[in-house]
Amino acid sequence: MNRKERRALAKKGGAEAFVRNARDVVAEHVNLEATVTTYTLAAWVLHSVFGFGEARLLKFLTGMQFSAEDINQGKTKVENIRENLNALYPGLEDAWEVRM
């Protein structure tokens, strides 16, 4: 980084602001990749195990998108959805544990 770039960076809040911005960009990218991976795996299981075709997969993915938007906008919380599902189907309570 040359002197001119350092001065411009200092005017914009310094290295801390640059690192904060870079961290935000990386976090957003990781979140997007995780979401796409989750949607892909869910769609694959619904197709390969349960026989979902294109129409049902599109309906499922659309529902996932609307639900994710509601969560992102604060209209609902994942915890509330999970609690409602557990109340309807008590056998699901242990299924939420991620096995690594």
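About 200 Å³ of space lies in the second largest pocket of this predicted model. Its lining is short to list: Leu92, Ala95, Trp96, Glu97 and Val98. By class, four of these residues are nonpolar and one is charged. Polar residues are absent from the lining of this pocket.

**The largest pocket**

The largest pocket has a volume of about 790 Å³. Three elements each give two or more residues to its lining: helix H2 (14–48), helix H3 (54–72) and helix H4 (78–88). Which helix gives the most? H3 does, with eight residues.

In total, 20 residues line the largest pocket. Nearest its centre lie Thr38, Tyr39, Met64, Ala68 and Ile71. The class count for this lining is 11 nonpolar, seven polar and two charged residues.

The two pockets can be set out as follows.

| Pocket | Volume | Nonpolar lining residues | Polar lining residues | Charged lining residues |
|---|---|---|---|---|
| Largest pocket | about 790 Å³ | 11 nonpolar | seven polar | two charged |
| Second largest pocket | about 200 Å³ | four nonpolar | no polar | one charged |

**Around Trp96**

Trp96 belongs to the lining of the second largest pocket. The charged end of Arg82 sits over the ring of Trp96. The distance from that charged end to the ring centre is 6.0 Å.

Asn86 also meets Trp96. Setting aside residues up to four places away in sequence, Asn86 touches Leu92, Glu93 and Trp96. Leu92, like Trp96, lines the second largest pocket. Asn86 itself is placed in helix H4. Is Asn86 buried or exposed? Its relative accessibility is 15%. Buried means under 20%, so Asn86 counts as buried.

**A second charge over a ring**

Arg56 lies over the face of Phe52. Here the distance from the ring centre is 3.9 Å. How many aromatic pairs does the structure hold? The number is zero.

**Two exposed residues**

Glu83 is another residue of helix H4. Its relative accessibility is 53%. The cut-off for exposed is over 50%, so Glu83 counts as exposed. Asn86, in helix H4 too, counts as buried. Glu83 and Ala55 are 28 residues apart along the chain. Their C-alpha atoms are separated by 29 Å.

Lys4 lies in helix H1, which covers residues 3–11. With 69% relative accessibility, Lys4 counts as exposed. What separates Lys4 from Val78? Along the chain, they are 74 residues apart. In space, 47 Å lies between their C-alpha atoms.

Note on methods
Residues numbered from 1 in each chain as written. Predicted model: local features only at pLDDT ≥ 70, side-chain atom pairs only at ≥ 80, totals over all residues. Heavy atoms only, no water. 1 Å grid on protein atoms, 1.4 Å probe; cavity = no way out; pocket = protein on both sides within 12 Å on 5 of 7 lines; lining within 4 Å. Points joined across faces, edges and corners; volume = space filled by probe spheres on them. Helix = DSSP H or I, 4+ residues; strand = E, 2+ residues; numbered from the N terminus. Nonpolar A, V, L, I, M, F, W, Y, C, P; charged D, E, K, R; others polar. Buried < 20%, exposed > 50% of the residue type's maximum accessible area, 1.4 Å probe, protein only. Contact = heavy atoms within 4.5 Å. Phe/Tyr/Trp six-rings, centres within 6.5 Å; stacked < 30°, edge-to-face > 60°. Lys NZ or Arg CZ within 6 Å of the ring centre and 35° of its normal.
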